[in-house]
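Visitor: Please pick one part of this chain and take me through it closely. Then place it against what lies around it.

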Amino acid sequence: MQRHRQNERSVTNHCEWLAEPEVFDRFGITLDVVIRTCRREDLPVLEWFGQFTPDRGIMEDTFAAQARGESLMLVAEVNGVASGQVWIDLTRREVDSTGVIWAARVLPCLRNRGIGRRLLETAERILRDRQFARAELSVERSNVAALRLYERLGYTRVNTRPVRDGEVTFDPIAILVQGDQWLLRKNLGTREHAVSGTGGLRPRMTRARTDEA
Ligand SMILES: CC(C)(COP(=O)(O)OP(=O)(O)OC[C@H]1O[C@@H](n2cnc3c(N)ncnc32)[C@H](O)[C@@H]1OP(=O)(O)O)[C@@H](O)C(=O)NCCC(=O)NCCS
C-alpha cells in the first residue's frame with residue numbers, strides 16, 4: 001500500500017515536472033518579414049517538415065498556374081524561410097471580377113504577430129491593382145480564429161458551403177476540405193466597382209453567373 005502511494009506520488013511529481021518546465025532564459029527578437037511571390041525553391045520549405053507533403057501536387061499545380069499568370073503564391077519570408085503563405089486564384093471567378101484567396105497559413109510559432117493580416121492585405125492590394133472588384137475566401141465554420149481575422153479585415157459571410165468531410169472541392173484545383181465552410185467576400189472599392197454599380201465587373205467582362213461557389 002505504501003509502495004503504491006509512493007508510486008502515485010512519483011507519477012504526480014513527474015507530471016508536475018512536465019507541466020511546468022524550468023525556464024532558463026527569455027529574450028525577444030526582431031525579425032524582418034518580406035512578402036513576395038513564391039520561388040521554386042520555396043516549395044519544399046512550404047511543406048513545413050512534412051505537414052503539407054501530401055499537398056505537394058497542389059503546390060506544384062499552383063506554382064505552374066503562377067507561371068502561366070493564372071495564380072499568385074505569396075509567401076512571407078522570415079529570416080530566409082518561407083514561413084507564411086496566401087495564394088490567389090486570378091481566373092476561377094474572374095468572370096465575376098472576383099479574386100479567390102486561399103491556402104492562408106502561417107507557421108504556428110509566428111502566428112499572432114500580424115503576418116497573416118499583412119499577407120491578406122497584400123493579396124487585396126494586388127487584386128485592386130488588377131482592377132478586381134472583390135476578394136473571396138472560404139473558411140471552415142469551426143475555424144473561429146481565422147473567421148475573426150477575416151471579418152476584422154472587412155470580409156462578410158455571404159453563404160455557407162456544406163461539404164462532407166474529406167470531399168474534394170475547389171475546382172479547378174482540388175483540395176481536401178474538412179468540414180462545412182463559410183464563404184466570405186469583400187468589396188475592394190476599385191474605381192470600376194464604384195462607378196459601374198453593377199457589382200464591379202471589370203470593363204471587358206460580362207457577368208455569366210452568380211454562383212456562390
Ligand atoms: C489564420 C492564420 C493564417 C492567421 O495568421 P496570423 O499571422 O496568426 O494572423 P495575425 O497575426 O495577422 O492575426 C491573428 C491575431 O493576432 C493578433 N495580432 C496581430 N499582431 C499582433 C501582435 N503584434 N501582438 C499580438 N497580437 C497580434 C491579431 O489582432 C489577431 O487577433 P485575433 O485572434 O483576436 O483575431 C493563422 O492563424 C494560421 O495559419 N492558421 C492555421 C491555418 C488556417 O486556419 N488558415 C486559414 C484557413 S481559411
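Guide: A residue counts as exposed if 12 or fewer other C-beta atoms lie within 10 Å of its own, and as buried if there are 20 or more. N79 has 11 such atoms within 10 Å, so N79 is exposed. This is a predicted model, and that holds for everything below.

N79 is a good way into the part I have picked, strand β2. N79 sits in the loop between β2 and β3. These two strands form a hairpin, with two residues between them. In that turn, N79 takes a positive phi of about 50°. Most residues other than glycine have a negative phi. Another part of the chain also comes up to this turn: the C-alpha atoms of N79 and L31 are 6.8 Å apart, although 48 residues separate them along the chain.

Now the strand itself. β2 covers residues 71-78. Six of its eight residues are buried, so the strand is mostly covered. It has a partner strand in β1 and another in β3. β1, residues 33-37, runs antiparallel to β2, and five bridges join the two. One of these pairs R36 with V75 of β2. β3, residues 81-93, also runs antiparallel to β2, here with eight bridges. S71 has D89 of β3 as its bridge partner.

Take one residue of β2, L72. Why does L72 count as buried? Because it has 22 C-beta neighbours inside 10 Å, and 20 is enough. Its contacts reach several parts of the chain. Leaving out residues up to four places away in sequence, L72 touches T37, Q66, W87, I88, L90 and I126. The C-alpha atoms of L72 and I88 lie 5.0 Å apart, with the two residues 16 places apart along the chain.

Next, what packs with the strand. β2 is among the elements that cover the buried residues of α4. The others include β1, β3, β4, β5 (134-140) and α5. The buried residues of α4 are I115, G116, L119, L120, A123, E124 and L127. An α-helix has 3.6 residues a turn, so residues three or four places apart point the same way. The length of α4 can be checked too. At 1.5 Å a residue, its 15 residues should span 21 Å, and its end C-alpha atoms are 21 Å apart, which agrees. Just after the helix, Q131 takes a positive phi of about 65°.

β2 also feeds the largest nonpolar core, which has 33 residues. Within this core, V86, I101, A123 and L137 touch the most other members. The elements that give it two or more residues are β2, β3, β4, α4, β5 and β9 (181-187). In soluble globular proteins, nonpolar side chains tend to be buried together. L137 shows the reach of the contacts: it touches I101, W102, Y150, Y155 and L184, not counting residues up to four places away in sequence.

Beyond the hairpin, two loops deserve a look. S97 lies in the loop between β3 and β4. It has a positive phi of about 55°, yet it is not a glycine. S97 is buried, with 25 other C-beta atoms within 10 Å. N112 is in the loop between β4 and α4. N112 also has a positive phi, about 60°, and is not a glycine. N112 counts as exposed, because it has 10 C-beta neighbours inside 10 Å.

N112 leads to the ligand. Sixteen residues surround the ligand, and the closest are R111, N112, G114, G116 and R117. The elements that give two or more residues to this shell are β4 (98-106), α4 (115-129) and α5 (144-152). Four residues come from α5, the largest share. By type, the shell divides into seven nonpolar, four polar and five charged residues. G116 belongs to two lists: it is one of the closest residues to the ligand, and it is one of the buried residues of α4.

Last, the whole chain. It has six helices and nine strands. Of its 213 residues, 27% count as buried. Among contacts with a separation of 6 or more, 61% join residues 24 or more positions apart. Against that background, β2 is a mostly covered strand, paired with β1 and with β3.

Technical notes. Residues are numbered from 1 along each chain as its sequence is written. This is a predicted model: local features need pLDDT of at least 70, side-chain atom pairs count only at pLDDT 80 or more; totals for chains, interfaces and linings use all residues. A residue is near a molecule or strand if its C-beta atom, placed from the backbone, lies within 6 Å of it. Ala, Val, Leu, Ile, Met, Phe, Trp, Tyr, Cys and Pro count as nonpolar, Asp, Glu, Lys and Arg as charged, and the others, Gly among them, as polar. Two strands pair if DSSP finds at least two bridges between them. The expected span of a helix is 1.5 Å times one less than its number of residues. Two residues are in contact if their C-beta atoms, placed from the backbone, lie within 7 Å. A nonpolar core is a set of buried Ala, Val, Leu, Ile, Met, Phe, Trp, Tyr and Cys residues joined through C-beta atoms within 7 Å.
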